[in-house]
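The exercises below are meant to be worked through with the sequence and the 3D view side by side. Try each task before reading its solution.

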Amino acid sequence: MVKTNKKRALFLGACASIIIFAAGCGNNEDTAEKESSASSAVESTEVVTTASISNDPADVLAGLSEDGTWIYAITEDVTVTDDIVVAGTFYDKGEESGDVYRKLALYSQDEDHKVTDEFTLTAPTMTVESPNFKIQNGTFVGDVVVEAEGFELADSTIEGNLTFATQELMDSAVLDAGTVTGETTVAE
């Protein structure tokens, strides 16, 4: 009976953490609406609008794939030995009525949306095929190849090279709030 209560407490704690994290990941809804949306996602397996959160390298690959989610987060430093491919078209908060948007969250935050910790994701290469993909806070160690419009670095760092498939893709990127330690170029 004690083990069952421990498991229940751990499960409820994990659910609460997801709700708190997801409530802070949005960008324009008020807090009550975010918590309601996150709560609904936890309670219903049919509609998943919360972030996928895992530090397992296989989960990172799956979560950023075409079958992944609109937002993916890690909560500690993670090293992936395979190349990462960010693929598919996703929508803000997972709702098709929202803007095309996808995010990689390399940080944790408190209930006031203040970043409390940043993390590092390491992989040989990340190829971005999803439009409007944002890397938020933290650091990606490896080279990034962008093959979709609207790429954004938001208070984040790429420790490696950033290569755009075309000049038009580079022109559509928002890099002002980020840092690239290597070269930023257009593929030749």
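**Exercise 1.** Locate isoleucine 53 among the strands, and decide how it should be classed by accessibility.

Solution. Isoleucine 53 lies in strand 1, which covers residues 52-53; helices (H or I, at least four residues) and strands (E, at least two) are DSSP runs, numbered from the N terminus. The model is a predicted one, in which local features need pLDDT of at least 70 and side-chain atom pairs count only at pLDDT 80 or more, whereas totals for chains, interfaces and linings use all residues. Residues are numbered from 1 along each chain as its sequence is written, and side-chain values use heavy atoms, with hydrogens and water left out. Next, apply the classes, in which buried means under 20% relative accessible area, exposed over 50%, and partly exposed in between (1.4 Å probe, protein chains only). Because its relative accessibility is 31%, isoleucine 53 counts as partly exposed. Finally, the C-alpha atom of isoleucine 53 is separated by 7.4 Å from that of threonine 75, a residue 22 places away along the chain.

**Exercise 2.** Work out which strands pair with strand 11, and in which sense.

Solution. Two strands pair if DSSP finds at least two bridges between them. Begin with strand 9, which pairs with strand 11 in the parallel sense over three bridges; here glutamine 136 has alanine 154 of strand 11 as its bridge partner. Continue with strand 10, which also pairs with strand 11 in the parallel sense over three bridges, and where threonine 139 is partnered by threonine 157. Then turn to strand 13 (residues 174-180), whose parallel pairing with strand 11 runs over four bridges, with glutamate 152 standing opposite valine 174.

**Exercise 3.** Describe the largest nonpolar core, and then the surroundings of methionine 126.

Solution. A nonpolar core is a set of buried Ala, Val, Leu, Ile, Met, Phe, Trp, Tyr and Cys residues joined through side-chain atoms within 4.5 Å. The largest such core has 27 residues, and those with the most contacts inside it are Ile84, Leu121, Met126 and Phe151. Several strands each supply at least two of its residues, among them strand 4 (84-86), strand 9 (133-136) and strand 11 (152-159), while the largest share, four residues, comes from strand 8. With contact taken as heavy atoms within 4.5 Å, and leaving aside neighbours within four places in sequence, methionine 126 touches residues including Ile84, Leu104, Phe133, Phe140 and Asp143.
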